[in-house]
Amino acid sequence: MMRFEELTSPEVDALDRDRKVLILPLGSVEQHGNHMPLGTDTMLAHAVSLAAAEKATGTLVLPPPWYGFSAHHMRFPGSVTLRAETLMAVAEDIVASLVRHGFRRILIVNGHGGNGGVIDVLASTLGHKHYGEARIAALTYFQLAREAIAELRQSEPGGMGHACEFETAMVQHIRPELVKIDRAETIYPDPGSRYLTTDLLGGSAIRVYHDFADLSPTGTLGDPTLATPEKGAAFFEAVASELAAFIEDFRGWTIPEPAK
Ligand SMILES: [Zn+2]
């Protein structure tokens with residue numbers, strides 16, 4: 001049993017909460033071009049977390065809060081955004097509840113680039129708040145598996161940004177009926193400076209606000225026409241394996257004594 005919401009309270013009470021790793025998936029509800037569902041990021045973060053938990057036994061996956069920080073998508077219908085402070089507060093309250101019940105290893109698995117700044121702050125503030133009680137780590141799953149993804153991709157830099165080769169293939173793998181591939185359009189956006197990139201694996205040092213409606217008329221960034229279910233299966237397996245390997249490492253991290 002890997003889904004936290006399916007356990008009973010006595011079952012939680014009986015767990016070895018020192019070694020158990022709890023995953024909190026985060027994502028978004030926002031436009032994903034003309035061809036992909038609004039819930040893509042949360043669905044993928046949850047699915048990847050469950051697949052990793054199957055490989056790294058002794059891992060439980062929490063039910064994800066659906067929404068994320070999506071201000072940069074709000075010019076597209078259907079997008080819903082929390083304020084960054086709201087998302088922080090939601091994650092803080094969930095983690096504090098679990099630490100109170102004795103869980104000591106909590107991993108935020110994020111599937112939405114726009115949450116990146118929030119999870120950086122959460123790792124620091126929650127790590128400080130629960131110092132001596134629990135270790136809190138946060139990652140964006142496609143960054144953890146960036147080398148494996150780079151090997152499998154076919155698009156040029158800029159071809160994997162949003163509702164792109166990567167995300168489209170991943171959803172074709174887990175929920176093929178939700179992808180309208182005949183409506184997919186290729187858009188290589190121009191971010192306006194050689195210092196900026198919109199690629200998922202781009203790694204620019206510069207942090208700046210991109211309004212997605214300025215970058216792309218459909219909201220797609222990249223080349224979803226290169227996506228196939230087979231490629232999605234390969235991306236998914238690579239991501240789940242990298243995540244499982246990290247979970248096994250995280251399970252062994254020391255928890256410092258409470259500060260005096
Ligand atoms: Zn996405």
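Two strands pair if DSSP finds at least two bridges between them. Strands here are DSSP runs of E with at least two residues, helices are runs of H or I with at least four, and both are numbered from the N terminus. What you're looking at is a predicted model, where local features need pLDDT of at least 70, side-chain atom pairs count only at pLDDT 80 or more, and totals for chains, interfaces and linings use all residues. Residues are numbered from 1 along each chain as its sequence is written.

**Strand β3 and its partners**

Let's start with strand β3, which covers residues 105-110. Here are its two pairings:

| Strands | Sense | Bridges | One bridge pair |
|---|---|---|---|
| β1 (residues 21-26) and β3 | parallel | five bridges | L24 and I108 |
| β3 and β4 (residues 135-140) | parallel | six bridges | I106 and I136 |

How many residues of β3 are buried? Six of the six are, so the strand is largely enclosed by the rest of the structure. (Buried means 20 or more other C-beta atoms within 10 Å of the residue's own, exposed means 12 or fewer, and partly exposed is in between; C-beta atoms are placed from the backbone.) R105, L107 and V109 point one way from β3, while I106, I108 and N110 point the other way.

**Two residues to compare**

Now take M160, in strand β5 (residues 160-162). M160 has 28 C-beta neighbours inside 10 Å, so it counts as buried. If you skip its neighbours within four places in sequence, its contacts include R153, F166, D199 and G222; contact means C-beta atoms, placed from the backbone, within 7 Å. The C-alpha atoms of M160 and I187 are 10.0 Å apart, with their positions 27 residues apart along the chain.

D13, in helix α1 (residues 9-13), is exposed because it has 11 other C-beta atoms within 10 Å. Its C-alpha atom is 23 Å from that of A52, which is 39 residues away along the chain.

**Two packed helices**

Finally, helix α3 (residues 84-100) packs with helix α4 (residues 116-129) at an angle of about 40°, with their axes 10 Å apart. The axes are lines fitted to C-alpha atoms over the stretch in contact, and angles run from 0 to 180 degrees between N-to-C directions. The two helices are therefore oblique to each other: angles under 35 degrees count as roughly parallel, over 145 as roughly antiparallel, 65 to 115 as roughly perpendicular, and the rest as oblique. Among the residues making the contact are L87 and M88 of α3 and V121 and L122 of α4.

How values were computed
Contact = placed C-beta atoms within 7 Å.
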